[in-house]
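I opened a new structure today and kept notes as I went. The entries cover cysteines, charged pairs and empty space.

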Amino acid sequence: MIPKYETLKRILDCGIIAVVRAKSPEQALKIAEACKEGGITSIEITMTVPGAIDVIKQVASTYPKDQILVGAGTVLDAETARAAMLAGAEYIVSPHLNQEVVKICNRYQKICMPGAMSIKEIVEAMEAGADVVKLFPGSLFGPKAIKAIKGPLPQAELVPTGGVSLDNVEEWIKAGAAAVGVGGDLTKEAIQKNDYSIITQKARQFVEKIKKARQKL
């Protein structure tokens, strides 16, 4: 079992979580492999993927944890969170704050990342015991929101998801994002063309841009 603090450090050190939404388990596994090859070690399998729990189990059993840290996304309740953890998920991501999800994550010492849209929601998530707060959907805010939020809440660890692209990822990091979550901008073109090498190429670009932005902080 990986200590919780080590899991969090590895997620933040990498700086990017690949958000996997796919039409089939096979497609999700191909995306996970392509992301790994591109240097993204945090892979979030969303519950919208058919057979998501089984996909998490397969990723967790196939790849050593130093290659892929698999997590569960779009988790709406504690029952789903528990099933995902039993399958091998090291972190749980939700689009909103659910107190019971946070409780069960803390009970079993797994990273919890609930979504929030406002200062009020961010504070409530932090008070509930969230390790990181997902700023969601990031497309409604833009990078300037991170800087504005961290004015009154410099202690908040924020991970914007939605609206993060190769064009603006450096802006998000420079504004103070602890890491970013990326889905469609990473995978959409590859899925349309059935060419998963595109994901690997984009993953490398994201990792490099995040590293470059952090060097300027």
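**Cysteines**

I looked for disulfides, taken as pairs of cysteine sulfur atoms within 2.5 Å, and the structure holds 0 of them. I note here that this is a predicted model, in which local features need pLDDT of at least 70 and side-chain atom pairs count only at pLDDT 80 or more, while totals for chains, interfaces and linings use all residues. Residues are numbered from 1 along each chain as its sequence is written, and side-chain values use heavy atoms, with hydrogens and water left out.

Why does Cys35 have no disulfide? The closest cysteine sulfur, in Cys14, is 9.9 Å from the sulfur of Cys35, which is too far for a bond. I also looked up how much of Cys35 is accessible: its relative accessibility is 1%, so Cys35 counts as buried. For this I used three classes of relative accessible area, with a 1.4 Å probe and protein chains only: buried is under 20%, exposed is over 50%, and partly exposed is in between.

I then turned to Cys105. Its closest cysteine sulfur belongs to Cys112, at 4.0 Å, and this is too far for a bond. Cys105 is buried as well, at 0% relative accessibility.

**Salt bridges**

I counted salt bridges, each a side-chain nitrogen of Lys or Arg within 4 Å of a carboxyl oxygen of Asp or Glu. The count comes to 9. For helices and strands I used DSSP runs numbered from the N terminus, helices being H or I with at least four residues and strands E with at least two.

In helix 1 (residues 4-14) I looked at Lys9 and Asp13. Their closest N and O atoms are 2.6 Å apart, and the two form a salt bridge. Lys9 and Asp13 are 4 residues apart in this helix, so about one helical turn separates them. Lys9 is exposed at 52% relative accessibility, and Asp13 is partly exposed at 46%.

In helix 6 (residues 119-128) I found Lys120 and Glu124, again 4 residues apart, about one turn of the helix. Their side chains form a salt bridge, at 2.6 Å from N to O. Lys120 has a relative accessible area of 57% and is exposed, while Glu124, with 31%, is partly exposed.

In helix 9 (residues 184-193) I checked Glu189 and Lys193, which are 4 residues apart, about one turn of the helix. A salt bridge joins their side chains, with 2.9 Å from N to O. Which of the classes, partly exposed or exposed, fits Glu189? Glu189 is partly exposed, with a relative accessible area of 29%; Lys193 is exposed, with 54%.

I also followed a network of salt bridges that links Lys65, Glu90 and Lys110. Lys110 sits in the loop between helix 5 (99-107) and strand 5 (111-113). Its relative accessibility is 11%, so Lys110 counts as buried. I noted a polar contact of 3.2 Å between the side chains of Lys110 and Glu90. Such a contact is a pair of N or O atoms within 3.5 Å; within protein, one must be able to donate a hydrogen and the other to accept it, and residues adjacent in sequence count only if both atoms are side-chain atoms.

**Cavity**

I searched for empty space on a 1 Å grid over the protein atoms alone: a cavity is a set of points where a 1.4 Å probe fits but cannot get out, a pocket is an open set with protein on both sides within 12 Å along at least five of seven lines, and lining residues have an atom within 4 Å of a point. Grid points are joined across faces, edges and corners, and the volume is the space filled by probe spheres set on the points.

How many cavities of 30 Å³ or more are there? I counted 1. The largest cavity has a volume of about 40 Å³. Among its lining residues are Lys65 and Glu90, together with Val59, Tyr63 and Leu69. Helix 3 (52-62) and strand 3 (69-73) each supply at least two lining residues.

**Pocket**

The largest pocket has a volume of about 340 Å³. I found 20 residues in its lining, with Val19, Arg21, Val182, Gly183 and Gly184 nearest its centre. Helix 9 gives the largest share of this lining, 5 residues.
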